[in-house]
Amino acid sequence: QGEKTPNAGGQRTRGNPEKEREAGGGGAQGEKMPKACRRRTRGDPDLETEREAKKRSLAAEEASPSAMFAAFERGDAPQSEAKSERVYDVVESVTEESSGSPIPLLHETYIPDELASHPGIHHAFELAEAKYNAEKDHRYALFTMARGPPHSCLFNERRLLPICETAKDAVLLVSGSVIRLSSSLGRVPLNKCCGLWFQQDEEKKTAIVLTSAHLVRKQDPSVMNQWTGKYHRDARVIVHLLDGTTARGSLLYLQEHYEIALYEVTMHKPVELPTFNDTVHSGQDVFRLGRDDESLDLKITHGRVEYKIPVRHERCHYLYFSSDESRHRLLHDDGGPIVDLEGKVVGLVNNHINETFVPSCILHKCLDFWRSFKCMPRLHLGMTFTSINLLDPVCIERMKRKHNIESGLIVQQVSKGSYAEKLGIRKGDVIEGFNGKYVSTTIEVGEHVGRHLLGSF
């Protein structure tokens, strides 16, 4: 039996013996491995050059200031240049070959016909089969084999085939900066949100998380999910790190109008900082990212940027994430990023129900204010608008034909006692520009106002 069946239970070995020696990596066969599969050797001159380049890079990082911030881009840089700034060559460490014996291949057990009548063969088969099943279960439990549901929209979605590979790269580029946060009052859970690493100070061993102020919203207990307009600023906030550990978050600042918040976390290891892009346009393919409450698995939702006329309770600075209604799910990912196909953050999820988000151009101004003055002031215009670009093309053509107006903002409401009222602005007026620059959306107004306000300090 031992000569015909190499394993205890008569396991079949269907492979070629020479191929098996190649798989084992031992003997002379390892020396005849194809060139493309060989490891780098310590004497490789290309590897030495890469090492020297890495050392110079690390030396430059040590000489830089300890505080690191997320990068903002205005979108006018060439795409190739923007990408090259985020590409890092990682030199693999050269290690000695393992001296231990390789793990044997699994072979399903069976009883050869010529041994079917052998005494005790069935008992040996049962033992070998039990051992085989246990080893198979062990190997299927490896993290490399865990590919079960839930699946994201980037897995076998034929409708996304033209952008699938680009989108995967973009999502994975940002994923390391996306974390989960939870809040509570005493022992009572309050809310859960996502967030982004925004800044790190290596000397102080701290990092700052940008998230949604919904994390500490105060709810009306008499009405389900009804917001009272107030916040629990003293709520206990826990940051769920990607390595499975947690850290306490301390509130640094909360901006009520834009509903964003900054929390400081003690961190003794580096964090991944994303790149923001101020430029975003209607119809653009984007992805909304979040984290699962329990497993912290990445949640990915595809959609397109959409400009809409805001309803009564919505802010004029909102942009909209238009997703496929047949796949619509409440993901509870407020505070998560909206990512473009270059792996840059173009917005922060504001409301997962209405699918609104704050564009990065607004976040840029707010964070610039906070870094410079530790506050995020907002200039109140005292007006609400409707963009002419969002009207029916029939209406736009009529205004152009009869009044020579084809872009701008129509004033919908003027607050009593506001500076706009004192200037004589009334409902129905058209605002074509701000400080000599044409505007066509409320987002552009907010951006110009932010620059004007920042320059006045």
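This is a short tour of a predicted model, going from its cavity to its nonpolar cores. Residues are numbered from 1 along each chain as its sequence is written, and side-chain values use heavy atoms, with hydrogens and water left out. Because the model is predicted, local features need pLDDT of at least 70 and side-chain atom pairs count only at pLDDT 80 or more, while totals for chains, interfaces and linings use all residues.

Select Lys 308, Pro 310, Cys 316, Leu 390 and Thr 442 to start with the largest cavity, whose volume is about 110 Å³; of its 16 lining residues, these are the closest to its centre. A cavity is a set of points on a 1 Å grid over the protein atoms alone where a 1.4 Å probe fits but cannot get out, and lining residues have an atom within 4 Å of a point; the volume is the space filled by probe spheres set on the points, joined across faces, edges and corners.

Next, show strand S18 (383-387), which gives three residues, the largest share of this lining; strands are DSSP runs of E, at least two residues long, and helices are runs of H or I, at least four, numbered from the N terminus.

Then select helix H7 (residues 360-373), which gives six residues, the most, to the largest nonpolar core. That core has 42 residues, with Leu 210 and Phe 287 having the most contacts inside it. Such a core is a set of buried Ala, Val, Leu, Ile, Met, Phe, Trp, Tyr and Cys residues joined through side-chain atoms within 4.5 Å, where buried means under 20% relative accessible area (1.4 Å probe, protein chains only).

Key: 1 Å grid on protein atoms, 1.4 Å probe; cavity = no way out; pocket = protein on both sides within 12 Å on 5 of 7 lines; lining within 4 Å. Buried < 20%, exposed > 50% of the residue type's maximum accessible area, 1.4 Å probe, protein only.
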